[in-house]
Structures are given as C-alpha cells and as structure tokens.
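Colleague: I should like a close look at one part of this model, namely a helix and the helices it packs against. Please place that part in its wider setting as well.

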There are 2 protein chains.
Amino acid sequence: MLKFNEKELLANLEGGIALRSDINKIVDQINDEGYSNICWIGIGGTYASSMQAVVHMKERTKIETFYENAASFLTTGNLRVTKDTVVIISSVTGNTQEMVEAVKKCNEIGARVIGFVDRADADLATMCDYLISYPLNEQLKFFMVGDRFMYLAGEFDQYDEFYKQMDDNFAKDVVAVYKNADEFATEFALQHHEDEMHYFVGAGNQWGATYSYAMCYWEEQHWLRTKSIEAQEFFHGMFEIVERDTPVTIYVTEDSQRQLSERVANFIPQICANYTVIDAKDYDMPGISPEFRGALSPFILHAVNDRIDVHIEDLNRHPMEIRRYYRQLKY
Amino acid sequence: MLKFNEKELLANLEGGIALRSDINKIVDQINDEGYSNICWIGIGGTYASSMQAVVHMKERTKIETFYENAASFLTTGNLRVTKDTVVIISSVTGNTQEMVEAVKKCNEIGARVIGFVDRADADLATMCDYLISYPLNEQLKFFMVGDRFMYLAGEFDQYDEFYKQMDDNFAKDVVAVYKNADEFATEFALQHHEDEMHYFVGAGNQWGATYSYAMCYWEEQHWLRTKSIEAQEFFHGMFEIVERDTPVTIYVTEDSQRQLSERVANFIPQICANYTVIDAKDYDMPGISPEFRGALSPFILHAVNDRIDVHIEDLNRHPMEIRRYYRQLKY
C-alpha cells in the first residue's frame with residue numbers, strides 16, 4: 001500500500017487511546033474543584049475538531065459546552081468564559097498566533113486550560129494549566145475529555161464498557177479501515193484528482209471534519225477547489241447549483257444525525273450522476289458494539305480520507321507539505 | 001433605478017422599526033417571569049440570521065445564548081433547551097418542514113417561543129407562544145429582541161439613546177444606502193454575473209449574511225457557484241486556492257470583528273487582482289452616532305447586496321423566483 005506504515009500507525013493509535021489515564025486525572029481534578037461550563041477553542045482544523053467535540057457531547061449532556069473560533073474570541077470575546085470555565089485546546093506546532101493569544105486571554109480571565117500541544121517546548125505548552133503532549137489523534141483526545149466530563153456528571157453510564165472496547169479494539173480496527181478503504185480511495189482519487197470544484201456534504205460529528213477536509217486538505221494541501229455544506233443546509237439553497245456532472249461527496253455517519261446525510265444520499269441520484277456516498281457503516285469495527293459505533297464515525301471516515309489523500313498526492317505529483325502562502329507570506 | 005420602489009421600501013423599514021413596542025411587551029413579560037437562556041432556531045437563511053443574533057449579543061452579554069439548526073435540533077437535540085428557555089424563530093412562509101417540527105418540539109419541552117411569521121395564518125404562527133407578523137426585516141427583529149433582553153439585564157445602558165436614533169433615522173438612512181450603492185452594484189454585477197465561482201469573505205455580525213448571501217442568493221436564486229468563508233478562517237486553508245483571477249469579495253463590518261475582515265482586505269492585493277472590498281464604513285448613516293454603527297453593518301451590507309441582485313438578475317435574464325429543485329421535487 002502506497003505510503004502506509006502499518007506498524008507506526010498502530011503504535012500511534014495505541015498511544016492515543018492510552019492517553020486516557022492522563023486525561024482522566026486532569027478531568028477528575030477539575031470536576032472535584034467544580035466548573036461552570038466547557039469551552040473548546042480552535043482555528044482552522046482545530047476549530048473543526050472543536051465543533052465535533054460539541055456535537056458529540058450534545059448527544060447526551062446537559063453541561064453548557066460550546067466552541068469558539070480563536071480569532072473571534074480575541075475580538076468579540078465571550079463573556080460566558082470566566083474563571084470557572086474549562087477551556088480545551090489543541091495545537092500541533094504550539095505557535096499558531098491566534099491560539100497563543102487566545103490562551104493568553106484565557107490565562108488572564110483565570111479559566112483553566114487543558115492543552116494538547118504536540119511540541120512540549122512550544123510557547124503554548126507552557127501557558128496551559130494542564131498539558132498533554134502526544135502527536136496526532138486530536139479528535140480522540142477531545143472525545144475522551146468530553147466523555148470523562150459526561151461520565152462524572154452521571155450522563156454516560158456505559159463509559160467503562162465503551163472504553164473497555166476502545167482499549168481492546170480501537171487501534172487495530174482503525175488500522176483495518178485504512179486497509180479496507182484503500183481500493184475505494186484509489187478509484188475515488190483517480191476519478192476526482194482533477195476536479196474543477198468538489199462539493200463535500202456532512203453532518204453531526206462529521207460536519208467539522210467535512211469542513212476541514214475540504215478546506216485544510218483539498219484546498220490547503222492539494223490546491224483543489226471545494227465547498228463544504230452541512231447536510232441539513234444542502235436543501236436550503238446549495239443544491240440549486242448541482243447538475244449532472246457536479247462532483248458531490250456525501251459523508252454518512254452513524255451518530256444521531258445519520259438521517260440528515262442519508263436524506264441527501266437518497267435524493268441526489270435524481271439530479272446528479274457524479275456523486276459518491278462514503279458511509280461509516282460500510283466499515284467493520286470488530287469488538288465495538290453497534291450502540292457505540294456512532295461516536296466512531298469520524299475516525300472511520302478520517303481513515304478513508306487519509307487514503308484518498310495519499311492517492312491524490314501521488315496522481316497530482318503535488319506533495320501535501322507544499323504551501324503557496326501559509327506561513328510563506330506576511331498577513 | 002431598476003426595480004426600486006423607494007416609497008414601499010421606506011414604509012416597510014418604518015414598519016419594521018415600529019415593531020419594537022410589540023417586541024418589548026413580549027420580552028418584558030418573559031423577563032419578569034424569568035428565563036434560563038435564549039436559543040435562536042433557524043434553517044437556511046434563518047439559521048444565518050440566528051448566527052448573527054448570537055454574535056451581536058456576544059458583544060455585551062453574559063446571558064447564555066446560542067443558535068441551533070432546526071434539523072440538528074430535531075436529531076441530536078440540545079438538552080440546554082428546557083421549559084425555562086426562550087426560543088426565537090422567524091419564517092416567511094410559516095410552513096418550512098424542519099421549522100414546524102422544531103417548534104413542535106419546543107412546545108413539547110415547554111420552552112416559550114417568540115415567532116416572527118410573516119403569514120399569520122400559517123401552521124407555524126399558531127404554534128408560537130408570542131407571534132409577530134410583519135414582512136421582511138428579519139435581522140432587525142432579531143436584534144431588537146436581543147437588545148431588549150440585554151437592556152433588561154443591565155447590559156445595554158445606551159439602549160434608549162440608540163433606539164431614539166434608530167426610530168428617527170434607520171428607515172431613511174437604509175433607503176439612502178440602496179441609492180448610494182446602486183452605481184457600485186451595477187459595476188460589480190457587470191464584472192461578476194458570469195463568474196464560474198465566486199468567493200465571499202465575512203466576519204462578525206456579517207458572517208451569517210455572507211454565508212446566506214452566497215448560498216440563498218447566488219446559488220439558490222442566481223444559480224451561480226460560490227463559497228463563503230469566515231475572514232478568520234481564510235488564512236487557515238482556503239486562501240491557498242486564490243490566484244490572480246479568482247473572484248473574491250470581502251465584506252468589512254464596523255463591529256468588533258472589523259479587524260478580521262480588514263486583515264484579509266489588506267493581504268489580498270498581494271495574491272489576487274480580482275477582489276472587491278465592500279466596507280460598511282463607506283456608507284453614511286446620518287443621525288446614527290459612530291459608536292452605534294457597528295450594529296448596523298448587516299443592514300448597510302444587505303442593502304448593497306440587494307442592489308447587486310437586481311442587476312445580476314437583469315444581466316442574466318434569470319428571474320430570482322425560479323427554483324430548479326427547491327419545493328419542486330420530493331426530498
């Protein structure tokens with residue numbers, strides 16, 4: 001398989017899931033101290049992951065939880081963020097300007113900040129009240145934080161059962177999705193690597209990833225034009241420009257918003273002959289009970305997208321690390 | 001001026017601003033009874049207006065206020081919406097399926113619903129606890145509701161002064177913007193009415209309108225392809241696909257997020273020669289104090305967009321009421 005290091009991937013995922021004991025120590029302490037609400041702050045890809053953390057929690061929680069874009073938090077602000085708030089952030093480099101400033105503002109407010117900063121020596125890392133440094137797995141880290149808060153609030157009775165299954169199966173199941181998706185991903189990339197424009201539709205705990213896959217991968221890393229749209233919004237305007245040959249990809253999750261994407265998937269053959277449905281349900285996750293699969297859709301679909309990327313990169317001979325403007329120019 | 005009925009527009013705006021006494025009776029009563037939080041529910045264009053109501057309130061409020069997409073509210077739901085919640089909705093037809101179902105759900109929860117439903121005899125109208133029926137002016141209605149809640153919470157000291165100025169000047173000032181924008185709008189429409197793709201950038205209290213102008217006007221009513229992006233997100237991926245001839249329009253507001261759009265406007269000449277900046281600041285609003293202009297950006301920019309629409313419709317000989325799929329097919 002092209003650009004695929006199974007051993008490294010498996011080890012990284014196993015390390016990700018193993019972060020739970022560190023996360024739980026932090027969350028348990030904050031819960032003991034008390035808190036008023038939970039705020040996820042991000043920008044770009046981390047903004048998208050924050051959206052998904054909130055929709056994931058909304059499935060079961062009464063806790064006040066919301067996301068903020070770092071830049072609008074720095075301008076308009078949010079007076080619901082106080083010294084009693086728990087803020088969660090994630091950053092690979094630890095030096096994204098807006099994130100550094102946003103965490104500084106949280107420090108001034110006195111909110112407790114849990115930071116997942118991949119580089120432990122970055123400025124941002126030193127500014128977090130609680131730091132965890134481990135590469136990748138952003139969405140998993142966020143979900144584990146949210147799940148623990150909900151468990152402690154008495155909102156997630158099956159927490160132990162769920163995480164027993166996750167500890168035992170998550171890493172190897174996700175690796176298997178990478179492998180199972182590769183044939184599809186190869187064909188998809190062949191069909192779409194030169195698209196003038198590509199539409200991505202998603203909902204629920206995959207909406208953030210739909211938005212960021214379109215923007216942070218196809219636009220930023222492949223230089224391919226895209227638009228992403230929430231499945232429920234598709235019928236309120238956007239679909240008027242879809243015609244026979246318009247490339248449209250619909251992500252279907254297994255969470256509470258599955259029906260919103262299914263509605264698009266069921267409708268679209270009437271007006272479009274160039275659509276693709278990528279359904280999390282089509283991928284096995286052995287050892288994970290059906291009632292828990294909903295929370296795993298983002299991981300399944302992320303694996304599929306990762307394989308698509310490898311093939312588009314190869315077909316277009318466009319290395320994904322190239323940036324035209326990002327961190328190249330002053331802005 | 002093409003398709004412009006000044007007298008009718010002025011009368012409609014005057015009627016809109018005059019709704020404040022009815023709105024205040026409702027809000028004052030709810031405030032007396034007490035409430036826990038404020039939820040704006042919408043879909044498509046009303047979802048966008050809800051986003052703007054929230055960002056408008058965030059400028060000064062500590063009240064918990066958030067928006068929900070009607071369809072995700074019906075699936076994932078939001079346990080923060082309880083019998084103590086105030087829900088605000090708006091609908092022209094009063095029969096949008098997701099909105100009818102969402103308000104039904106609010107009725108079951110026992111939340112109080114303030115509804116702006118243009119047709120007083122629609123199903124949706126009868127389901128609201130408080131009903132106001134008056135055409136158009138959705139954003140103004142929403143802002144007046146939010147402002148009154150903030151005034152009663154002691155968060156808007158200048159409320160009386162602001163609305164004195166609004167009562168005296170808003171309607172005629174907005175009419176003047178329509179007229180002052182027409183020359184620009186004519187040129188803009190000429191330049192862009194055949195764009196293969198058009199990018200709209202906005203932030204703050206104009207982000208929702210940027211999203212809906214792209215989707216509910218250009219895509220839905222002109223059948224022109226667009227993508228909209230929050231100004232603060234532009235630098236986190238999307239800008240990599242902007243080249244010399246890419247059509248990009250940047251809305252600049254006068255609210256707290258002005259600097260986010262200004263940053264894009266200042267940067268873009270380096271990489272693009274086909275951009276347009278539409279700045280609310282360029283339009284006079286006589287009788288409105290500078291410190292109040294921020295809240296008026298959406299009305300100024302809406303007037304500019306309305307004039308662009310008239311000219312694109314004319315140039316493309318594509319009447320804006322035509323729909324290819326919306327309410328034409330089953331979905």
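Modeller: The model is a predicted one. The part I have chosen is helix α3 of chain A, residues 45-58, whose axis comes within 9 Å of that of helix α7 of chain A, residues 138-152, the two crossing at roughly 30°. An angle under 35 degrees counts as roughly parallel, and α3(A) and α7(A) are therefore described as roughly parallel to each other. Their crossing is right-handed.

On the α3(A) side, this packing involves G45(A), T46(A), S49(A), S50(A), Q52(A), A53(A), H56(A) and M57(A); the residues they meet in α7(A) are E138(A), Q139(A), F142(A), F143(A), G146(A), D147(A) and M150(A). Sorted by class, the contact of α3(A) with α7(A) comprises 8 polar, 5 nonpolar and 2 charged residues.

Helix α3(A) has a further partner in helix α9 of chain A, which spans residues 207-219; here the axes come within 7 Å and cross at roughly 165°. Since angles over 145 degrees count as roughly antiparallel, α3(A) and α9(A) are therefore assigned to that category. The crossing of α3(A) past α9(A) is left-handed.

In this second contact, α3(A) contributes G45(A), Y47(A), A48(A), M51(A) and Q52(A), while α9(A) contributes W207(A), G208(A), A209(A), Y211(A), S212(A) and C216(A). The class count for α3(A) with α9(A) is 7 nonpolar and 4 polar residues, with no charged residues. G45(A) and Q52(A) appear in the contact with α7(A) and also in the contact with α9(A).

As to the wider setting, an unreviewed UniProt entry annotates residues 26-159 of chain A as "domain: SIS". In the model, that span is 46% helix and 20% strand, and its end C-alpha atoms lie 17 Å apart.

Chain B offers another helix pair to set beside these. Helix α2 of chain B, residues 20-33, and helix α7 of chain B, residues 138-152, have axes that come within 9 Å and cross at roughly 45°; α2(B) and α7(B) are therefore oblique to each other. The crossing is right-handed. Its contact residues are R20(B), I23(B), N24(B), V27(B), D28(B), I30(B) and N31(B) from α2(B), together with K141(B), M144(B), V145(B), R148(B), F149(B) and L152(B) from α7(B). By class, these are 7 nonpolar, 4 charged and 2 polar residues.

Finally, the two chains themselves meet: 66 residues of chain A contact 66 residues of chain B. About 5,900 Å² is buried between chain A and chain B, with carbon and sulfur atoms giving 51% of that area. Within chain A, the residues losing the most area to chain B are H236(A), E240(A) and Y331(A), which together account for 13% of what that side buries.

How values were computed
Residues are numbered from 1 along each chain as its sequence is written. Chains are lettered from A and ligands numbered from 1 in the order in which they are written. This is a predicted model: local features need pLDDT of at least 70, side-chain atom pairs count only at pLDDT 80 or more; totals for chains, interfaces and linings use all residues. Side-chain values use heavy atoms; hydrogens and water are left out. Axes are lines fitted to C-alpha atoms, for helices over the stretch in contact, and angles run from 0 to 180 degrees between N-to-C directions. Helices (H or I, at least four residues) and strands (E, at least two) are DSSP runs, numbered from the N terminus. Angles under 35 degrees count as roughly parallel, over 145 as roughly antiparallel, 65 to 115 as roughly perpendicular and the rest as oblique. A crossing is left-handed if the near helix is turned anticlockwise from the far one by less than a right angle, and right-handed if clockwise. Contact means heavy atoms within 4.5 Å. Ala, Val, Leu, Ile, Met, Phe, Trp, Tyr, Cys and Pro count as nonpolar, Asp, Glu, Lys and Arg as charged, and the others, Gly among them, as polar. UniProt positions are given in the numbering used here, feature names are shortened, and annotations may be inferred rather than shown by experiment. Buried area is the accessible area (1.4 Å probe) that two parts lose on being put together, summed over both.
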